[in-house]
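Work through the exercises below with the sequence and the structure side by side. Each exercise sets a task, and its solution then goes step by step.

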Amino acid sequence: MSLPHHLWLAEQLPAWEREGIVTADGARMLRERYAAEPQGGLAQMIVGAVGALLIGTGLVAVLAYNWDDFPRWVRLLLALGPLAASQAVSWWVLRQDEAAKPWQREAVALVQTLAAGAAMALVSQIYNLPGNWTDLVFWWCLVSVPLAWVLRSQAVAIVYLIGIAVWTVAQAGERASWSSPAEVADLRLWFPLLLAGILPLWPGPELRDRPASGSRLVLAAATLIGLIAVAVYASVCPREPIQALFWLAMLSTAAVLLFPLDRHGIAEPLTRKPQVLLGGLSLFVMALIATYEDPARQLVKGVGFALPLGWCWLLLAVIAGFATLAFRQGRSAVLAVAGLALVPLLVAPFWSPGDDGWPVAITYSLVLLATAIVLIALEFLGRQGAARIGAALITLLVILRMADADLSLLVKGLAFIVIGVGFLGFNIFISRRRSIPLGGSPA
Amino acid sequence: MRPALAVFVVAALTQWLLPLSGVWQHERVIARGVPVRIRCAAPDPYDPLRGRYLAVRPEETQVPKPEGMPEQGGVPVWATLEEGDDGLSRIKSLSLEPVSGQTVIRLVAGWQRWNQESATVFVEWPFDRFYLNERLAFDADALVAERLRAGERPVAEIRLLDGRAVLTDVLLDGVSIREIVKPPAQ
């Protein structure tokens with residue numbers, strides 16, 4: 001069920017209870033299972049955010065006009081004045097406590113965040129301060145994230161998550177750059193710390209607040225991008241090209257994919273679990289790349305470079321912990337997909353640096369095929385699998401291998417038609433099968 | 001006071017602390033610092049948060065490696081500047097330890113990663129940009145490019161105090177570039 005259905009159900013339940021259609025216990029269980037968003041929903045956030053953005057943009061445009069003609073103290077006043085005003089309004093809204101509407105909290109939090117960023121950027125501009133704009137983003141994130149906590153602002157949380165991902169990628173890029181003499185922050189420490197900055201909002205002090213759909217997507221994407229940037233940072237060796245990155249990126253993706261969920265989270269559809277969707281798709285793409293000889297060789301070669309790294313062992317430990325939990329919860333589908341990240345580790349003992357990458361590439365093709373079959377079989381076994389994704393994966397594998405094959409264009413064309421028809425037919429079959437109500441177990 | 005209000009107060013104070021500490025440090029250098037002029041290049045890039053600026057790049061970016069330079073990037077060093085007959089300052093010496101003097105500037109030095117045997121190190125200056133009004137930036141860029149083709153280099157005017165530097169102006173032929181490109185008063 002999507003969010004509008006949840007909201008509709010939440011509206012109906014009191015009447016159903018009164019009319020005796022459901023018991024109080026039944027209503028409570030339904031509320032828990034199909035919880036409406038506690039933060040006031042996407043519309044509230046958009047209203048607040050658009051209003052705040054308009055005000056912020058207007059302020060910047062007004063200030064920018066004739067900026068150079070103002071003496072320095074006037075420019076400073078104009079830079080810091082909006083911050084003071086926005087803080088005063090935020091204070092007033094915060095004092096309203098529960099009486100403040102969600103859109104009010106969103107709007108004041110975002111305006112104050114923009115005002116703080118503008119003040120820092122303008123002071124930096126007035127004094128011609130050096131440094132990349134991403135450094136400014138880092139400090140902006142640090143001073144803004146408490147507003148997400150205290151005003152329970154999803155918009156500020158989204159700005160924060162995007163900001164820390166941008167800064168982390170910039171730092172990783174700086175680290176990988178051969179021309180830069182600058183020292184960069186140790187991302188293995190900083191990224192997890194910055195990501196933990198969102199914990200007071202999600203799950204919050206009472207461990208029950210969950211991000212809305214859009215925020216979940218940003219959270220999952222920022223985590224994935226940030227962890228891959230940390231993998232870049234950890235892979236850089238002095239005087240050596242980056243070797244361990246491919247495998248570390250796979251491990252990071254598997255960790256995101258396996259992120260533990262509670263009972264309610266597991267029962268949610270895939271569209272409301274972006275960490276599973278993004279993590280799974282990213283792993284499939286990387287595994288498909290590894291079905292080619294050269295990337296497969298680089299991948300398995302990278303295992304030798306990654307294993308001495310502490311970050312690699314930390315990722316393996318996190319994956320082991322998450323996988324154990326997922327196994328206990330019966331999340332077979334995500335376990336099957338996450339297993340793709342461990343293939344290089346299992347293949348590495350049988351591979352020596354002089355060997356070519358074909359055995360690894362063929363192994364990856366077979367493991368991908370097995371994973372696809374598992375995803376389909378789970379659904380037919382009455383568990384929450386991903387039959388369509390499994391079928392798409394098999395189709396992709398066959399297409400890639402057909403494209404490589406030394407066959408005539410006619411044969412390839414006919415094969416593609418047969419594959420396409422088979423894929424469409426399978427989808428129709430799955431759609432009809434799903435329309436019949438079945439009891440499912442969580443996965 | 002509720003915890004949320006206390007957290008808000010701390011956050012609000014921090015939002016003031018960062019810009020105000022910058023204001024205090026740089027105002028102090030501007031008010032009490034020694035003026036120094038350094039020859040530089042100044043093309044015209046863009047900062048997504050702060051707008052258009054002239055990228056100020058002092059000519060001296062490679063200097064002899066100081067004794068005992070550690071094998072890592074981003075090492076703080078103290079450079080003593082010396083004014084030449086042309087009124088422009090250049091690096092006279094580089095030290096890994098803080099040194100005192102009115103024309104000492106704190107730089108960051110790093111090895112050339114592709115040539116660790118080199119006798120020189122790269123230095124990063126503590127200023128790299130001079131912000132300009134969006135309306136003036138294109139004219140300023142064109143002017144600088146034209147003067148560069150004619151063999152004339154812009155000059156960065158900085159103020160130095162206790163090793164800290166603030167870029168106060170970029171000059172062409174001794175005149176502020178802002179003054180040169182400013183449209184005449186109606």
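**Exercise 1.** Find which residue of β4(B) stands opposite B:Cys40, and place the two strands in their sheet.

*Solution.* Start from the pair itself: B:Cys40 faces B:Pro58, which belongs to β4(B). Next, look at the strand β1 of chain B, residues 34-41, which runs antiparallel to β4(B) and is joined to it by two bridges; two strands count as paired if DSSP finds at least two bridges between them. Strands here are DSSP runs of E with at least two residues, and helices are runs of H or I with at least four, both numbered from the N terminus. Then widen the view to the open sheet of five strands in chain B, whose order is β4-β1-β11-β12-β13 with antiparallel pairing. Its edges are β4 (57-58) and β13 (175-176) of chain B, each of which pairs on one side only.

Before going on, note that this is a predicted model, in which local features need pLDDT of at least 70 and side-chain atom pairs count only at pLDDT 80 or more, while totals for chains, interfaces and linings use all residues. Residues are numbered from 1 along each chain as its sequence is written, and chains are lettered from A and ligands numbered from 1 in the order in which they are written.

**Exercise 2.** Determine what helix α1 of chain B lies across, and which part it takes in touching chain A.

*Solution.* First, α1(B), residues 3-32, lies across β11 (155-161) and β12 (164-172) of chain B, and runs at about 60° to β12(B); the angle, on a scale from 0 to 180 degrees, is taken between N-to-C directions of lines fitted to C-alpha atoms, for helices over the stretch in contact. Second, count the contacts between the chains, where two residues are in contact if their C-beta atoms, placed from the backbone, lie within 7 Å: 36 residues of chain B meet 32 residues of chain A. Third, among the elements of chain B, α1, β9 (120-124), β10 (129-131) and β12 each supply at least two residues to the side that touches chain A, and α1(B) gives the largest share, 13 residues.

**Exercise 3.** Describe the largest nonpolar core and the surroundings of A:Ala254.

*Solution.* A nonpolar core is a set of buried Ala, Val, Leu, Ile, Met, Phe, Trp, Tyr and Cys residues joined through C-beta atoms within 7 Å. The largest one has 159 residues, and A:Ala254 is among those with the most contacts inside it, as are A:Ala119 and A:Leu283. Helix α5 of chain A, residues 102-126, contributes the most, with 16 residues. Finally, leaving aside neighbours within four places in sequence, A:Ala254 is in contact with A:Leu283, A:Ile319, A:Ala338 and A:Ala341.

**Exercise 4.** Decide whether B:Ala137 is buried, exposed or partly exposed, and set the burial of the two chains side by side.

*Solution.* A residue is buried if 20 or more other C-beta atoms, placed from the backbone, lie within 10 Å of its own, exposed if 12 or fewer do, and partly exposed in between. B:Ala137, found in helix α2 (residues 134-149) of chain B, is partly exposed because 19 other C-beta atoms lie within 10 Å. Turning to whole chains, buried residues make up 40% of the 443 residues in chain A and 28% of the 186 residues in chain B. Chain A has 19 helices and zero strands, whereas chain B has three helices and 13 strands.
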